[in-house]
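Please examine the sequence and the three-dimensional structure shown below. The paragraphs that follow lead through them step by step.

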Amino acid sequence: PLFLFGFDLNLNQLKEKRYKINLFSSVHSFVPGYYEEIEISESSVNNGPEHIGPHCFELLRVLGKGGYGKVFQVRKVQGTNSGKIFAMKVLKKAKIACNAKDTAHTKAERNILEAIKHPFIVDLIYAFQTGGKLYLILECLSGGELFMQLEREGIFLEDTACFYLSEITLALGHLHFNGIIYRDLKPENIMLNSQGHIKLTDFGLCKESIHDGAVTHTFCGTIEYMAPEILMRSGHNRAVDWWSLGTLMYDMLTGSPPFTAENRKKTIDKILKSKLMFPPYLTSDARDLLRKFLKRNPNQRIGGGPGDAGDVQKHPFFRHINWDDLLARRVDPPFRPSLQSEDDVSQFDTRFTRQTPVDSPDDGSLSESANQAFLGFTYVAPSVLESIKEGFSFQPKLRSPRRLNSSPRTPVSPLKFSPFEPFKPSTTVELMELSATPLGPVLEVTAPLPIKTPSGTKKKKDRGRAR
């Protein structure tokens with residue numbers, strides 16, 4: 001919705017319709033009962049500088065590509081934010097609309113990105129569509145994937161892992177507070193901004209409206225990071241994200257997820273049956289937290305109870321974290337990307353950045369009935385609308401998005417979804433305030449036991465995502 005002089009206007013309802021609204025004249029605003037009548041339509045509302053489309057952006061680099069489209073680094077060339085760098089995710093409608101679950105995933109990602117605002121979750125700035133494509137304009141996360149940093153280091157020291165795990169814990173806690181489970185936590189979906197703070201990206205596998213007691217049964221995620229209850233299809237809730245965080249923690253500290261094998265079937269068998277093993281250099285606090293994250297019974301898993309993220313924050317592994325400072329990004333990251341300019345793409349895979357950036361021609365529109373699924377996709381961030389009203393330029397943070405995952409997918413159970421259901425505008429969600437849990441005085445972080453980084457680089461595995 002657009003708020004104009006205190007009136008809430010839904011732009012989706014303006015298409016092919018015209019409305020008359022009584023607006024108080026600024027000249028006569030203090031004269032009781034005086035008003036003037038003006039006509040409102042989609043064209044009159046959108047005739048300002050924020051009539052957004054592909055023409056507003058200059059393609060700079062390819063950052064990633066997948067089965068449904070590409071991610072570009074772009075520069076806005078007109079209107080508000082002119083000259084600013086963003087990431088543009090382009091999805092082909094035809095490839096999405098032919099599969100109900102993919103349409104549902106796209107709807108979920110768009111709605112969640114609109115509704116959820118948090119320091120450690122990627123910001124959606126604009127969303128728009130053409131006859132054949134969907135466009136998401138996101139803040140540019142120029143630090144690249146956390147995976148790339150983990151690949152360079154081999155494994156992380158516990159202090160380094162603790163910092164990233166803490167920021168992710170706050171992001172997951174905020175999602176859960178708003179009834180959303182993430183379901184695809186892995187290093188490839190965690191980006192770093194120019195300062196080195198994390199941002200969760202790729203919300204296509206999220207599930208909304210999962211509050212206390214609610215469960216869902218969709219088989220989805222990345223096999224090595226999937227919780228046992230998803231693999232067993234016994235019904236799952238937000239506890240699956242804490243299993244994935246435990247798997248990520250193990251990956252950070254040892255160089256690979258805890259349960260892996262040469263194929264998916266054997267990997268699943270290990271997740272369901274194998275004993276959890278630890279290398280000798282892990283501290284007792286790290287071992288204890290990993291055991292509690294990787295409980296196969298979700299009711300016994302840390303974070304799986306009513307306390308959710310609060311229970312995780314209280315664990316001794318995080319005893320040196322000041323959660324208020326962390327949320328305010330007053331804690332220095334252990335790694336700051338070395339960037340030479342605002343459009344530096346050195347933290348991204350050169351397989352993509354060396355390609356010529358071309359947004360392929362829009363090869364036609366969908367039928368009117370098929371296109372109903374994408375009604376309401378258009379979005380402009382409130383901060384942008386505010387900058388238009390106040391007359392100053394919005395200053396986005398310097399960032400850039402993760403590449404599209406093009407891994408093979410495993411079949412999933414069908415979703416209950418109507419391809420003709422339009423997008424529903426999300427309810428505005430206020431930023432959750434997380435106060436520090438009283439854990440005693442904040443102490444200076446001490447170095448854990450020395451860890452020898454394995455020789456060579458960490459080979460990126462083909463982690464197929466089940467959708």
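Why does Asp184 count as buried? The answer lies in its relative accessibility: the value for Asp184 is 2%, and a residue counts as buried when this value is under 20%. The model is a predicted one, and the burial of Asp184 is therefore a value computed from predicted coordinates. Asp184 is also singled out in a record, since UniProt lists this residue under "active site" in an unreviewed entry. Along the chain, Asp184 is found in the loop that connects helix H5 (158-177) with strand S10 (190-192).

The wider setting may now be considered. The protein chain contains 14 helices and 14 strands. It comprises 467 residues, of which 52% count as buried. Among the contacts in the chain with a separation of 6 or more, 73% are accounted for by residues 24 or more positions apart. The chain exposes about 21,400 Å², and 53% of this area is supplied by carbon and sulfur atoms.

Helix H7 offers an example of an enclosed element. It covers residues 239-254, 16 residues in total. From its first C-alpha to its last, H7 reaches 23 Å, which is close to the 22 Å expected at 1.5 Å a residue. Of these 16 residues, 15 are buried, so H7 is largely enclosed by the rest of the structure. The residue that follows H7 is Gly255, and its phi is positive, near 105°.

From H7 the description passes to Leu290, a residue of helix H9 (residues 284-293). Leu290 counts as buried because its relative accessibility is 0%. When neighbours within four places in sequence are left aside, the residues in contact with Leu290 are Gly246, Met249, Tyr250, Leu276, Phe278 and Leu282. Among them, Gly246, Met249 and Tyr250 fall within the residue range of H7, 239-254. Phe317 is 27 residues from Leu290 along the chain, and the C-alpha atoms of the two are separated by 10.0 Å.

The cysteines remain to be discussed. How many disulfides does the count come to? The count comes to zero, where a disulfide requires a pair of cysteine sulfur atoms within 2.5 Å. Cys220 illustrates this result: the nearest cysteine sulfur is that of Cys206, 9.2 Å away, and Cys220 is in no disulfide. Cys220 is nevertheless buried, with a relative accessible area of 0%. Cys56 likewise counts as buried, at 0% relative accessibility.

How values were computed
Residues numbered from 1 in each chain as written. Predicted model: local features only at pLDDT ≥ 70, side-chain atom pairs only at ≥ 80, totals over all residues. Heavy atoms only, no water. Helix = DSSP H or I, 4+ residues; strand = E, 2+ residues; numbered from the N terminus. Buried < 20%, exposed > 50% of the residue type's maximum accessible area, 1.4 Å probe, protein only. Contact = heavy atoms within 4.5 Å. Areas by Shrake-Rupley, 256 points an atom, 1.4 Å probe, with all protein chains shown as cover. UniProt positions renumbered as here; feature names shortened; annotations may be inferred. Expected span 1.5 Å × (residues − 1).
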